[in-house]
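Dear colleague,

I am passing a structure on to you, and below it you will find my notes on what turned up when I went through it. Please read them with the structure open beside you.

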Amino acid sequence: MRNRVMSPILVPVALLACSCVTFAQTYGTKGYSPGAWKPDELPKGVSDPKPFNAHDLSGVWSLPTTQGYFERHSLNDKAVKIPPGTPEQFGESAFPPPMTAWGKAKFDSYKPNYGPRSVPPGQGNDPIGDCDPMGYPQDLFRAHLLPWEFLVLPDQVLQHMQFRDAWRIIWTDGRDLPKNPDPAWYGYSVGHWEGDTFVVKSNGYDDRTWLDLYGDPHSDQMVLEERFRRVDIDHLEHSMTLTDPKTYTQPWVGDKITWVRKKVAIFEQICAPSEESHFNDRIRDAAIGKSKP
């Protein structure tokens, strides 16, 4: 399925359409989507819950559809209210902490297709339009109406996002974060248990990725700490704290977000550069008179 950056007016409609497709994949119902098995082809009881284990994070997770709104930052669980004419970082609705001079310059260089600074997609520079990896945590931001899953292995936990079929490795074999890592799209992550809370620390992020649709930046010095706690069989609490002294004058402490277990199948949703280029020529660039002859 292609990823397409649309105008602010069309985005909510498109996401609602996506959510309907996504949640139609539920096991045990008559609905399913391309790439998912038909319910009558699955063994009986395949989606029955396992006995609750607070240290078992496996499963497919999403936000409740009643909370699935698009106007939010990656680290926050509140809708971003954007009053008409609000300049720059949303005024009093700015959840990110104040930026450094370096961070502000980076922020000003970005031309998002959404929010108060939005420009037509053909004039923007959101990396998503070229099928570049979105990085983390923006992948979760984009996945607020799409599911993602944890796969638990003996020495690592894999985090798999349906949107763009992105994978993230969280090592649990006792290693420390690399001291001087080469920047990577999804950084480097290690995890350990503190009681019933799974703590994940990450570094080494490539600073070409954005934190969210609004163009909030980060540097390669960003360190992200996450805390996951499975409170019961169907709910997973998640909080994030981002520390990046090169970009922000103080840590960005996110809200606690509650993910809900979904009986869905993750299916293929890849951003193919050839398809995206064709879409850019015919839709994004054509809208501003830049399409190829």
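Which residue in strand 7 does Ser 202 stand opposite? It is Leu 224 that faces Ser 202 from strand 7. Please keep in mind throughout that this is a predicted model.

To begin with the overall plan, the protein has 4 helices and 10 strands, and, read from the N terminus, the elements follow the order α-β-α-α-β-β-β-β-β-β-β-β-β-α. Of its 293 residues, 47% count as buried, while the exposed area of the protein comes to about 14100 Å², with carbon and sulfur atoms supplying 55% of it. Among the contacts between residues at least 6 apart in sequence, 60% join residues at least 24 apart.

Strand 6, which covers residues 197–203, is a good place to start looking more closely. Because 6 of its 7 residues are buried, strand 6 is largely enclosed by the rest of the structure. It pairs in the antiparallel sense with strand 5 (residues 188–194) over 7 bridges, and it is also joined by 6 bridges to strand 7 (residues 223–232), again running antiparallel. The hairpin of strand 5 and strand 6 has 2 residues between the strands, and in this hairpin Gly 195 takes a positive phi near 65°.

Within this hairpin, Trp 193 stands opposite Phe 198 in strand 6. The structure holds 6 aromatic pairs, and Trp 193 and Phe 198 form one of them, a tilted pair with 5.2 Å from centre to centre and 45° between the planes. Trp 193 counts as partly exposed, at 30% relative accessibility, whereas Phe 198 counts as buried, at 1%. The pair of Tyr 248 and Trp 252 is edge-to-face, because the ring centres are 6.0 Å apart and the planes stand at 65°; Tyr 248 is buried at 2% relative accessibility, and Trp 252 is likewise buried at 2%. In addition, Trp 148, Phe 150, Phe 228 and Trp 259 form one aromatic cluster.

Two rings have a charge placed over them: the charged end of Arg 117 sits over the ring of Phe 107, 3.7 Å from its centre, and that of Arg 175 sits over the ring of Trp 171, 3.7 Å from its centre.

Finally, Asp 244 lies in the loop between strand 8 (235–243) and strand 9 (252–253), and with a relative accessibility of 1% it counts as buried. Beyond its neighbours within four places in sequence, Asp 244 is in contact with His 218, Ser 219, Gln 221 and Met 222. His 218 is 26 residues away from Asp 244 in sequence, yet their C-alpha atoms are 6.9 Å apart in space.

With best regards

Terms used:
Residues are numbered from 1 along each chain as its sequence is written. This is a predicted model: local features need pLDDT of at least 70, side-chain atom pairs count only at pLDDT 80 or more; totals for chains, interfaces and linings use all residues. Side-chain values use heavy atoms; hydrogens and water are left out. Buried means under 20% relative accessible area, exposed over 50%, partly exposed in between (1.4 Å probe, protein chains only). Contact means heavy atoms within 4.5 Å. Accessible areas come from the Shrake-Rupley method with a 1.4 Å probe; for residues, only the protein chains shown count as cover. Two strands pair if DSSP finds at least two bridges between them. Rings of Phe, Tyr and Trp (its six-membered ring) pair if their centres lie within 6.5 Å; planes under 30 degrees apart count as stacked, over 60 as edge-to-face and the rest as tilted. A charge sits over a ring if NZ of Lys or CZ of Arg is within 6 Å of the ring centre and within 35 degrees of the ring normal.
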